[in-house]
Amino acid sequence: MGYSTCLIIGVGVSVEALVGKVEAETSVLVAALVSVAVPIAMSDVFDGYERQYCEISASLSRMCTSAAQLDGEKKKQKVSEIKSGIDDAENLIRKMDLEARSLQPSIKAGLLAKLREYKSDLNNLKSELKRITNPNPNQAAREELLESGMADTLAASADQKGRLLMSTERLNHSTERIKEGRRTMLETEELGVSILQDLHQQRQSLLHAHGTLHGVDDNIGKSRKVLSAMSRRMDRNKWIIGGIIAALVLAVLVILYFKLVR
């Protein structure tokens, strides 16, 4: 990004918040507000670094323009100031990079794109400084090409590192899900073993009850036979008693007859 873009960014970052109707419980509302406020606060830190960088970049551009017209000790002093400013700008870019990578993916992508533009702008300032300090234009061109190649390599390395970190994070999430699934499987297995043990105990109880019922049936059969035998004996005794009573009545009648006849 050039000097004019940095000045536009340096004016400020306007934030418009649209608030709609929220029909939910108070706890849900507070949680939503906290989840929105955290990334905004972290983005404000990035914006602060960004404003500082734009101010430094604009100042460096002005100093490079003025240094190209100087000679001798004044030029050396101005070059020293430019180098110090470039170091400060590099520190700010590193801070912005760390801050951007700590944000949510939806916010991080846009901030990293800005960072690539700022790095390109800083490389242009370094190239301008080399052209001012090096009187040989061919040597300056070679150094500029080397610096550009190194910048591209570092940018590609940073992108690869970011992708590697994202892949590692996804792998960690997958590993956690696998571990959670394994724990669930072990708990299910333990529950299944416990259910099988309960079913085995219930089967043993049913078999024992079945054996007890068979024993009761046998006892009932024996009792029925005993009752039948007792019933037959009672019937036989009734006939015997009836016969005895009939014989006694007949004997009494015979005795009365003989007494009355005489």
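1. Let's start with the lining of the second largest pocket in this predicted model. Its residues split into seven charged, six nonpolar and one polar. If you colour the structure by residue type, this lining is a good place to begin.

2. How many residues line that pocket, and which lie nearest its centre? There are 14 in the lining, and Arg101, Pro105, Lys108, Gly162 and Met166 are the ones nearest the centre of the second largest pocket. The space inside the second largest pocket is about 400 Å³.

3. Which helix gives the most to this lining? That would be α5, with seven residues. Two helices, α4 (105-133) and α5 (137-261), each bring at least two residues to the lining of the second largest pocket.

4. Now step back to the whole chain. The protein has five helices and zero strands, so don't go hunting for a sheet. Going along the sequence, the pattern reads α-α-α-α-α.

5. On contacts: take those in the protein with a separation of 6 or more, and 70% of them link residues 24 or more positions apart.

6. Last, burial and surface. What share of the 262 residues is buried? Buried residues come to 18% of the protein, where buried means under 20% relative accessible area. The accessible surface of the protein is about 19900 Å², and carbon and sulfur atoms hold 61% of that surface.

Terms used:
Residues numbered from 1 in each chain as written. Predicted model: local features only at pLDDT ≥ 70, side-chain atom pairs only at ≥ 80, totals over all residues. Heavy atoms only, no water. Helix = DSSP H or I, 4+ residues; strand = E, 2+ residues; numbered from the N terminus. Buried < 20%, exposed > 50% of the residue type's maximum accessible area, 1.4 Å probe, protein only. Contact = heavy atoms within 4.5 Å. Areas by Shrake-Rupley, 256 points an atom, 1.4 Å probe, with all protein chains shown as cover. 1 Å grid on protein atoms, 1.4 Å probe; cavity = no way out; pocket = protein on both sides within 12 Å on 5 of 7 lines; lining within 4 Å. Points joined across faces, edges and corners; volume = space filled by probe spheres on them. Nonpolar A, V, L, I, M, F, W, Y, C, P; charged D, E, K, R; others polar.
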